[in-house]
Amino acid sequence: MADVSPPISTGPLAKREARLAWGLLFPTIAAVALVVVLPLLAIFWISVKPVELGDLRAPEVVLREDIRGDYEAVGDKANIRYRLRNSSQEQPIKGVTLTDTLPEGLRVTGLDERCVLDGRSLNCDLGDWEPGFRENLMIPVVVEQAYVDLGLRPQDSPASTTGQSSNVLTNTTFTLDNFARIFNGDEFVEVLLVTLFYTVFGTIGALLVGLFAALLLNKSFKGQGILRGLYLFPYVAPVIAVAFAWLILFDPFSGSANALLLQMGVTSEAINFFGERPLALIMVTVFEIWRYFPLSFLFILARMQSIDSDMYEAADMDGASPFQQFWYLSVPQLLGILSVLFLLRFIWTFNKFDDIFLLTGGNAGTRTLTVNVYEQAFAISNIGAGAAVAVVIFGCLLAFSIFFLKYISREEGL
Amino acid sequence: MSKLRFGYVTGPILGALWMVILAVTVAIAMSFATGQAFRPGILWSLVWGAMAGAGLVALGRGRPVQLGLSVAIIALMLIGFGPVLVGPETSFSARFVGALLLGISFGASIVPILDEITPGALTRHEFEGAVIRFLTGFGYIFFTAIVLIPFYVMVMTSLKNQSELIQNPLDFSIDLSKGTELFRSYDELFTQFNFGTYLFNSFSISVLTVFITLAFAIPGAYAVARLRFRGQAAFSRSILLIYMVPMIVLALPIYIAFSMTGLRNSFWGIVMIYPVTTIPVALYMLQGYFRGLPAEIEEAGLMDGLSRLKVIWQITLPLSLPALASVSLYVFMIAWNEFLLAFMLLDDPTKFTLTRGIASLNSSEIPRQHLMAGSVIATVPIMAIFLGLEKFMTKGLTAGSVKG
């Protein structure tokens with residue numbers, strides 16, 4: 001009897017489909033691997049390397065060449081001088097060599113023992129150089145008629161040098177200094193607390209304000225579309241434009257907000273909104289809420305409009321008051337979208353860099369983890385420490401993602 | 001709470017609070033519009049607002065009462081005991097306009113707020129209805145103010161000059177007699193600061209980003225949505241996870257790699273890197289839409305002898321034009337507004353994008369109106385596109401992106 005059970009292995013059609021799928025996905029996977037996965041691995045690598053911003057340029061031999069002494073008339077004695085140094089203060093250069101073509105009419109009278117003269121071409125083997133090494137190499141010469149006639153100086157034919165240096169990014173020196181440095185002391189605790197404050201209050205604030213805005217617009221009236229578009233402005237406008245607008249609005253010397261507060265008698269002297277310690281953090285959090293409430297507003301509104309209006313009519317018949325309807329009907333319906341929004345926004349606020357960087361540059365107690373990456377890597381020029389902070393951020397995100405994946409599978413509709 | 005639910009309690013309280021809100025609004029609006037001294041008198045606001053609330057509850061809400069209320073507020077303001085107080089130098093006309101504004105807006109808005117409030121005990125419905133109408137009114141004023149004020153300041157500052165700005169930071173009135181002189185900072189940005197080039201750079205980079213993103217995301221999204229292969233579920237999930245990696249973490253190695261390969265400071269370097277930041281979200285949005293399309297049409301196409309790629313090209317894509325428009329808009333917006341990578345990777349002033357160009361204006365030597373004019377130049381195109389295609393944009397935003 002023939003076997004009628006379905007085939008166990010994948011058939012040729014299914015195989016072809018899978019092949020096509022991978023073919024279609026390949027460009028994306030390749031691009032993402034190149035720009036996301038590779039840099040992520042690089043971050044881990046760099047975080048255990050002692051790299052400074054200056055080390056990105058490999059150390060090289062710096063050479064200046066000139067002629068010293070009298071060289072105007074035949075028979076004058078002069079020196080060709082090569083001023084050499086190692087551009088790096090930290091790293092050695094190995095096997096340095098120098099090659100140059102001497103001009104016609106300069107007779108070499110004495111030669112450094114490391115150099116060989118072959119016709120007019122000079123070859124020197126200068127050995128290994130310590131970090132920050134400098135040397136003046138002198139070649140004594142006597143001026144002859146041809147030199148006076150031609151007028152070619154030694155520096156007119158540029159000398160070339162070679163040398164090998166190990167790049168700190170690719171060698172095998174590892175260190176944990178970067179981590180020791182960033183975890184060191186109160187600073188890290190402060191950065192962590194600031195990040196937490198900014199993230200938690202920024203997220204919750206944006207959600208609540210967005211909920212309020214959504215409640216306002218959850219009815220059809222003339223101009224609702226215009227208001228909806230208007231309320232999205234903060235999110236759509238370029239962050240740099242609105243951040244500078246805020247800075248100018250709240251400027252301590254000539255900002256309108258201060259002028260207004262002074263005139264109303266709320267304060268007697270100008271407030272430095274983005275420069276004082278607790279206030280600056282509150283202000284950047286308020287900015288975050290202002291800029292991202294439109295997003296939560298949009299999502300909550302979309303969810304609200306899909307709630308069946310029959311339920312409200314039934315509740316009305318049963319005598320539920322408007323607040324009761326909101327609390328017992330709307331809120332449970334919105335809980336799903338609110339929790340997903342909270343998780344997503346939490347992660348995104350945690351990742352936020354531009355806003356704080358533009359508003360305060362991380363000063364006045366507003367340095368979050370992301371700003372700290374920039375601060376360490378570029379302001380203090382310690383790329384390794386910056387990468388170490390980035391690794392810490394990545395660790396936190398990994399923890400969030402586990403949470404997130406649990407929830408996103410429940411609310412796949414988003 | 002139940003003590004509050006009496007007409008004679010609810011009416012005055014809502015009236016007083018509403019008066020405070022309107023007084024503050026009118027004072028700020030008049031200050032910003034004229035630059036003259038206006039400030040809300042909180043105490044007077046509470047007193048007159050409470051009296052107005054009580055009066056409306058007692059006398060009913062007919063036309064004459066409403067009219068009388070408005071006139072009374074205008075008169076009070078003009079004799080100097082109104083909810084909005086003015087400084088000694090404030091001109092009479094400004095004062096009169098302020099009084100008119102407050103009187104009419106209060107009279108017109110408090111009546112509907114206290115619509116169902118009767119002198120005696122109130123039901124929960126009546127009470128909460130009034131509170132909700134009060135909160136709604138407050139909400140409209142609040143949101144419109146917080147959204148508009150920064151943009152208003154941005155535009156108005158760009159039209160001023162340095163001395164005017166320092167003289168009176170509140171004065172945003174425009175001196176129309178200056179004519180084209182008003183737009184001097186814009187003119188200087190385009191003639192001396194290369195903003196024409198920046199605008200062109202930003203535009204071409206954004207458009208290229210949109211096309212490259214779509215070229216990658218459409219096949220990817222189709223594969224995830226329609227084709228069966230092992231790892232499909234894991235793949236569609238990891239797309240979102242990739243989106244959670246913060247840009248600053250990636251920016252550091254990208255900066256190093258670009259420094260070493262000489263891609264820093266190049267147009268193509270930016271064009272290479274922007275699409276990768278947008279592909280995951282575009283893919284996620286599109287696959288959601290593709291899933292919603294009926295598979296039967298595509299199967300019919302397959303039966304009729306089209307290859308898969310032809311099915312995508314001739315059936316799926318024409319059907320998903322609206323989604324493509326949303327995704328394109330959203331990607332365009334991300335690329336146009338992108339700041340961090342442009343800031344880190346571009347140093348050469350001839351290759352700046354608009355956002356990078358604005359960042360370069362942020363120095364003490366360049367007057368602030370230039371900075372604001374630059375901001376306006378960057379904001380206006382994206383706003384215009386957004387308002388013109390608002391429907392697509394809203395749909396696109398809700399379709400799968402919570403990125404910020």
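Here are some questions and answers about aromatic pairs and a buried-or-exposed check in this predicted model.

This is a predicted model, where local features need pLDDT of at least 70, side-chain atom pairs count only at pLDDT 80 or more, and totals for chains, interfaces and linings use all residues. Residues are numbered from 1 along each chain as its sequence is written, chains are lettered from A and ligands numbered from 1 in the order in which they are written, and side-chain values use heavy atoms, with hydrogens and water left out.

Q: How many aromatic pairs are there over all chains?
A: Rings of Phe, Tyr and Trp (its six-membered ring) pair up if their centres lie within 6.5 Å. Going by that rule, the count over all chains is 47.

Q: Are the rings of A:Tyr231 and B:Phe143 stacked, edge-to-face or tilted?
A: Planes under 30 degrees apart count as stacked, over 60 as edge-to-face and the rest as tilted. Here the centres are 5.4 Å apart and the planes sit at 40°, so the pair is tilted.

Q: Which helix of chain B holds the B:Phe143 end of that pair?
A: Helices are DSSP runs (H or I, at least four residues), numbered from the N terminus. The pair crosses between chains, starting from A:Tyr231 in helix 5 (residues 224-231) of chain A. On the other side, B:Phe143 is in helix 5 (residues 124-158) of chain B.

Q: Is B:Phe143 buried or exposed?
A: Buried means under 20% relative accessible area, exposed over 50%, and partly exposed in between (1.4 Å probe, protein chains only). B:Phe143 has a relative accessible area of 0%, so B:Phe143 is buried.

Conventions:
Helices (H or I, at least four residues) and strands (E, at least two) are DSSP runs, numbered from the N terminus.
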